[in-house]
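These are my notes on the model you sent. They are set out point by point, for reading beside the coordinates.

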Amino acid sequence: MLAQIACDGSALPQGSPCSPVISNLVANVLDMRIVRLAATVGCRYSRYADDLTFSTNQKSFPREIAVPSEDDQHAWLLGNDLHRIIIQFNFKVNSRKTRMQHRDSRQEVTGLVVNRKINIRQEYRHNVRAMVHRLCSTGSFQVYEHITKGVTTLEKRDGSLDELQGRLGFIDSIDQYNNTVVNEEESKNRLSTKRLTYRKFFNYRDFYTATTPVILCEGKSDNVGIKHAILHFAADFPDLAEFDKDGTPHLKVCVYRYSHSSRGRILGLKDGGCGPITRFIGNYKKDTDKFGTPGLQNPLIILFDDDSGADVICEASKLARPGKNPIQRTE
């Protein structure tokens, strides 16, 4: 009944936030039956949505799960025992997607390479890196997608920033997972080069092409004070704040928000401080000097305390070259 309520035309709408949960509820009993069968014949079973995966270390793959086709030695068919369970629960098998992957070939599950560890396909990484390079060089990038109008064709269209961040976040999530299961020092060295692309994207989107001035405070607690000060004196500083129809003031600037999201980790800002901000200044200059598309229409304003740590930040700001470096020091 729950499945029927959530379905439209007997199909679960793509993109619905409840889709994965309902899918797992519907397939729960199916999973239990298949797990029992897999354990009996020496296989491991996993499922993501409607993708079923079986793996084994045995020399011969259990015939209860899958058998080679008599007509094509490269094609595999479901074994009778597995097929019987799937049919019993009113599911259908897409034989075109049934495939066998051997140890000495690239093994992929739901788009991930799983031979020695979970990883992203190299082609996917290179493609995303090219998208970021194209974005920072020209201001736009393209993606290919399948369009069905009677016949399915592959067409090119302009990509969105949210779409690109999703791809970068997907890559980063796998790298972060591997960071917890492999040698720490080795993973640090490897990840430092991979996340440069992600850092360039954040610098381009959040600062270089910002649609409003951006204020970067030294610490997360400073954000609160700056926001309240601007709103309190909104009438005196119309470039920083404006009033809506009922007289409520709103910011016309963006105050960088410190959080434990991937952005803070990739940019190296984390919770702020003079050290992270100093490194950010150097990295920001290094990245934006290579950007070819127009930008810097709005300033990036860095606010920091006038204490011993301020000298380090001031020294970093002296690296700015007038007219080229986006960081300007204001006394």
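The points below take up confidence, then the cores, two helices, the strands and one arginine.

1. Confidence. This is a predicted model. The chain has a mean pLDDT of 84, with 92% of its residues at 70 or more. Among the elements, helix α3 (residues 28-41) has the highest mean, 94, and α11 the lowest, 74. Residues 320-327 stay under 50 in pLDDT; for this stretch the model has 14 contacts beyond four places in sequence. Where pLDDT is low, the predicted coordinates should not be read in detail.

2. The largest core. Which elements build it? The largest nonpolar core holds 37 residues, and those with the most contacts inside it are L164, F201, F207, L216, L269, F280 and L300. Two or more residues each come from α5 (122-138), α6 (161-179), α7 (184-208), β10 (214-217), α9 (262-267), α10 (274-288), β14 (300-303) and α11 (310-317). Note that α11, a contributor to this core, is also the element with the lowest mean pLDDT. Leaving aside residues up to four places away in sequence, L300 touches F207, V214, L216, F280 and Y284.

3. A second core. Apart from the largest core lies another, of 15 residues, including V41, Y45, A66 and I85. Two of the residues named here belong to the helices of the next two points: V41 is among the buried residues of α3, and I85 is among those of α4.

4. Helix α3. The 14 residues of α3 should span 20 Å at 1.5 Å a residue, and the end C-alpha atoms are 20 Å apart, which agrees. L30, D31, I34, L37, A38 and V41 are the buried residues of the helix. Seen down the axis of α3, these fall within an arc of 130°, so they line one face. On the other side, R36, A39 and T40 are exposed. The cover over the buried residues of α3 includes β1 (44-48), β2 (51-55) and α4 (80-88). Just after the helix, G42 takes a positive phi of about 80°.

5. Helix α4. Its buried residues are L82, I85 and I86. Down the axis of α4 they fall within an arc of 95°, so they too line one face of their helix. N80 and R84 are exposed, on the face turned away from the buried side. Among the elements that cover the buried residues of α4 are α3, β2 and β4 (76-78). N90, just after α4, has a positive phi of about 65°.

6. Strands β5 to β7. These 3 strands form an open sheet in the order β5-β6-β7, with antiparallel pairing. β5 (108-109) and β7 (119-120) are the edges; each has a single partner strand, so one side of each is left without a neighbour in the sheet. Between β5 and β6 (residues 112-113) there are 2 bridges, and L112 in β6 is the bridge partner of V109.

7. Strands β8 and β9. β8 (residues 142-149) pairs with β9 in the antiparallel sense over 8 bridges. Y144 stands opposite K156 in β9. How many of the residues of β9 are buried? Among the 8 residues of β9 (residues 151-158) the count is 0, and the strand is hardly covered.

8. R199. This arginine lies in helix α7. Is R199 buried or exposed? Its relative accessible area is 10%, so R199 counts as buried, the cut-off being under 20%. Beyond four places in sequence, R199 touches I266, L267, N283, K286 and D287.

Technical notes: Residues numbered from 1 in each chain as written. Predicted model: local features only at pLDDT ≥ 70, side-chain atom pairs only at ≥ 80, totals over all residues. Heavy atoms only, no water. Core = buried A, V, L, I, M, F, W, Y, C linked by side-chain atoms within 4.5 Å. Buried < 20%, exposed > 50% of the residue type's maximum accessible area, 1.4 Å probe, protein only. Helix = DSSP H or I, 4+ residues; strand = E, 2+ residues; numbered from the N terminus. Contact = heavy atoms within 4.5 Å. Pairing = 2+ DSSP bridges. pLDDT = per-residue confidence, 0-100. Expected span 1.5 Å × (residues − 1). Arc of directions from axis to C-beta.
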